[in-house]
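Subject: Handing over the structure

Dear colleague,

I am passing on the structure that we talked about, and below it you will find what came out of going through it. Please keep the structure open beside this message while you read.

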Amino acid sequence: MKYYNNIVETIGNTPLVKINKVLGEDFPALVLAKVETTNPGNSVKDRMALKMIEDAEKDGRLKPGGTIIEGTSGNTGMGLALVAIQKGYKCIFVTNSKQSKEKCDILRAVGAEVIVCPTDVKPTDPRSYYSVSKRLATETENGWYVNQYDNLSNRQAHYESTAPEIWEQTEGKLTHFVVGAGTGGTITGCGKFFKEKNPNIKVIGVDTYGSILKEIHETGEIHLNHAYTYITEGIGEDILPENYDMSVIDHFEKVTDKDGAIYARKLAKEEGIFCGYSAGSAMSSLVQMKDQFTKDDVIVVLLHDHGSRYVGKIYNDEWMKEMGWLE
């Protein structure tokens with residue numbers, strides 16, 4: 001009989017799927033989607049959730065019967081919760097009001113406590129989800145603050161698992177790696193691996209208007225006051241997480257909130273690939289950069305999470321009409 005001992009063992013080995021229609025018939029390059037929704041928590045974050053917990057267990061930061069505390073947009077929380085269930089930990093997750101209701105409901109469904117904080121506050125504000133999660137970690141007995149933004153096990157997980165999978169699946173023939181950038185773990189971990197294998201591989205981050213990542217990459221300067229509120233979920237930052245190594249990133253492409261939503265819907269209806277907001281942003285970025293690619297290019301674009309997280313927003317016609325994005 002062939003079976004896994006628990007759900008955590010199914011993390012990874014996600015499929016690479018050719019994109020056929022959503023980019024247009026005249027798109028020059030071969031585009032392959034790394035569909036991370038087949039992970040048990042339906043997102044790429046399962047990979048680093050497992051790695052961060054295992055590393056914290058090894059060095060004693062996370063002790064038996066402990067409580068895992070994290071600020072999360074939802075996907076990291078889901079990955080952490082699945083691992084925590086197998087290992088006997090409690091979870092408290094802090095998120096912001098921008099995140100979809102579905103994400104919070106899903107976290108509660110797997111036994112986590114969820115605290116929602118306001119979105120329109122600075123990261124240093126005591127009400128922000130960064131600040132609240134840090135405070136709870138100090139107040140909770142036997143609590144461990146994960147800190148996915150500055151926890152380097154995040155990017156190491158992708159260096160050890162995500163990138164080698166892509167390298168093997170493409171037989172090392174990829175020319176471009178395109179991925180939504182948030183905490184910096186996926187883009188830096190994969191980027192480092194690919195650059196070591198072939199320095200000519202272009203690593204492209206997908207950013208959103210309101211985020212400061214593109215500006216930091218291009219100027220080397222951090223102006224937190226240049227950040228402003230945006231609607232896109234899962235990508236962009238108003239801080240610079242320690243997981244970033246900008247030297248392995250070649251370019252950031254910004255995509256509007258509207259285009260990310262529209263292309264996520266197109267991806268579902270034209271490819272049958274039901275993914276989240278950042279997947280739409282990634283597809284839109286490719287359309288914007290179309291003239292930079294050739295017929296010999298092999299582009300791998302990572303699709304972060306599942307569309308079920310967004311049925312109340314970008315997949316809801318009424319919400320789209322309220323935003324003015326749907327006739």
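Helices here are DSSP runs of H or I with at least four residues, numbered from the N terminus, and helix α2, which covers residues 75–87, is meant in that sense. Please bear in mind throughout that this is a predicted model.

Right after α2 comes glycine 88, whose phi is positive, near 85°. As for the helix itself, its 13 residues at 1.5 Å a residue should span 18 Å, and its end C-alpha atoms are 19 Å apart, which agrees. Is α2 enclosed by the rest of the structure or not, and how many of its residues are buried? Ten of the 13 are buried, so the helix is largely enclosed by the rest of the structure; among them are Asn75, Met78, Leu80 and Val83. These buried residues pack against two other helices, α1 (45–58) and α3 (101–109), and against the strands β3 (67–71) and β4 (90–96).

A second element to look at is strand β10, residues 298–303, in which six of the six residues are buried, so that this strand, too, is largely enclosed by the rest of the structure. In a regular strand the side chains alternate between the two faces of the sheet. In β10, Val298, Val300 and Leu302 point one way, while Ile299, Val301 and Leu303 point the other way, and all are buried. Strand β2 (residues 30–35) pairs with β10 in the parallel sense over six bridges, and within this pairing valine 31 has isoleucine 299 as its bridge partner. Strand β7 (residues 176–180) also runs parallel to β10, joined to it by three bridges, with phenylalanine 177 standing opposite valine 300.

Finally, the domain assignment gives domain 1 as 7–38 + 162–323 and domain 2 as 44–145. The centres of the two domains, taken over C-alpha atoms, are separated by 24 Å, and 29 residues of domain 1 are in contact with 20 residues of domain 2. Between them the domains bury about 2,000 Å², of which 52% is on carbon and sulfur atoms. Val8, Ile11 and Arg309 supply 30% of the area that domain 1 buries against domain 2, more than any other three residues. The rule finds three salt bridges across this interface. You can also look up the salt bridge that lysine 103 forms with glutamate 233, where the closest N and O atoms are 3.0 Å apart.

With best wishes

Conventions: Residues numbered from 1 in each chain as written. Predicted model: local features only at pLDDT ≥ 70, side-chain atom pairs only at ≥ 80, totals over all residues. Heavy atoms only, no water. Buried < 20%, exposed > 50% of the residue type's maximum accessible area, 1.4 Å probe, protein only. Pairing = 2+ DSSP bridges. Expected span 1.5 Å × (residues − 1). Contact = heavy atoms within 4.5 Å. Domains from an automatic or database assignment. Buried area = accessible area lost by both parts, 1.4 Å probe. Salt bridge = Lys/Arg side-chain N within 4 Å of Asp/Glu carboxyl O.
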